[in-house]
Amino acid sequence: MIIGGGDIAFDYALSASEKCNDVTLIYRSTIKALPVLVDEVMAKGIKIVQGEVEKIENGVAYTSAGIFEFDEVLAGIGRIPNVEIVEGISDARIFVIGDAKNGIYRQSSLAIADGIRTAMKIWRVMKYGDTE
Ligand SMILES: Cc1cc2nc3c(=O)[nH]c(=O)nc-3n(C[C@H](O)[C@H](O)[C@H](O)COP(=O)(O)OP(=O)(O)OC[C@H]3O[C@@H](n4cnc5c(N)ncnc54)[C@H](O)[C@@H]3O)c2cc1C
């Protein structure tokens, strides 16, 4: 069983469908995943149910859309960057990259690009004393 209506939940559903015969995805309000992911999930015959999960206990999900038994559950219901340790700190030696700074634009390629740019920046700071 997959919980969530975003890209991650739909991605989880597709991955799960490669190993499990019976995958159900439950989303609470609206489907926010990319249409291409939704199409793929539907093409695989994954069940999509609208409902809110109220409680999960002993392999059973109690939801507003009914009761579902499951072997495994994966929740893709939001990610909050773990940035408390650097929040509010003003120090030119601290660089924040990737998901922690990219808001809703969370992609590996953006994180990698941030990392490369930051490494180059640090090198210039050390070599030439750049301040920007
Ligand atoms: C299911 C799923 C599917 C995805 N699919 C795609 C895709 O198809 N294509 C794509 O481009 N992107 C995809 N993404 C997004 C992509 O994974 C992220 O954008 C990318 O991993 C961001 O890299 P990052 O280095 O910023 O953060 P992360 O990869 O999240 O790395 C952060 C690291 O910091 C560690 N950490 C956190 N707090 C601390 C701490 N206090 N001390 C030490 N370490 C700490 C974490 O354990 C983690 O290892 C997907 C994400 C998910 C969850």
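1. Start with the parallel sheet. Four strands make up this open sheet, and their order is β3-β2-β1-β7. The pairing is parallel. Which strands stand at the edges? They are β3 and β7 (74-75). Each has a single partner strand, so one side of each is left without a neighbour in the sheet. Keep in mind that this is a predicted model.

2. Look next at one pair inside that sheet. Strand β2 (residues 24-27) and strand β3 (residues 47-50) run parallel and are joined by 4 bridges. How does the chain get from β2 to β3? It crosses through helix α2 (residues 35-43). This β-α-β crossover is right-handed. Two positions help you find the register. T24 stands opposite K47 in β3. I26 has V49 in β3 as its bridge partner.

3. A general point helps when you read any strand. Side chains in a regular strand alternate between the two faces of the sheet.

4. Now the other sheet. It is open, with 3 strands in the order β4-β5-β6. Here the pairing is antiparallel. β4 (53-57) and β6 (66-69) are at the edges. Each of these has a single partner strand, so one side of each lacks a neighbour in the sheet. On average, neighbouring strands of this sheet are turned by 20° against each other, direction ignored.

5. Within this sheet, follow β4 and strand β5 (residues 60-63). They pair in the antiparallel sense over 4 bridges. One pair to locate is K55 and its bridge partner in β5, Y62.

6. Turn to the helices. Two packed helices are described by the angle and the distance between their axes. For α1 and α2, the axes come within 10 Å and cross at roughly 30°. Angles under 35 degrees count as roughly parallel. The two helices, α1 and α2, are therefore roughly parallel to each other. The crossing of α1 past α2 is left-handed.

7. Finish at the ligand. Which residues surround it? They are I8, D11, N82, I85, G98, D99, A100, R106, Q107, S108, S109 and A111. Two elements give two or more residues to this shell: α1 (7-19) and α3 (108-128). Which one gives the largest share? That is α3, with 3 residues.

8. Sort the shell around the ligand by class as well. The count is 4 nonpolar, 5 polar and 3 charged residues. Try assigning each residue to its class yourself.

Note on methods
Residues are numbered from 1 along each chain as its sequence is written. This is a predicted model: local features need pLDDT of at least 70, side-chain atom pairs count only at pLDDT 80 or more; totals for chains, interfaces and linings use all residues. A residue is near a molecule or strand if its C-beta atom, placed from the backbone, lies within 6 Å of it. Ala, Val, Leu, Ile, Met, Phe, Trp, Tyr, Cys and Pro count as nonpolar, Asp, Glu, Lys and Arg as charged, and the others, Gly among them, as polar. Two strands pair if DSSP finds at least two bridges between them. A crossover is right-handed if, with the strands pointing away from the viewer, the path from the first strand over the helix to the second runs clockwise. Axes are lines fitted to C-alpha atoms, for helices over the stretch in contact, and angles run from 0 to 180 degrees between N-to-C directions. Angles under 35 degrees count as roughly parallel, over 145 as roughly antiparallel, 65 to 115 as roughly perpendicular and the rest as oblique. A crossing is left-handed if the near helix is turned anticlockwise from the far one by less than a right angle, and right-handed if clockwise.
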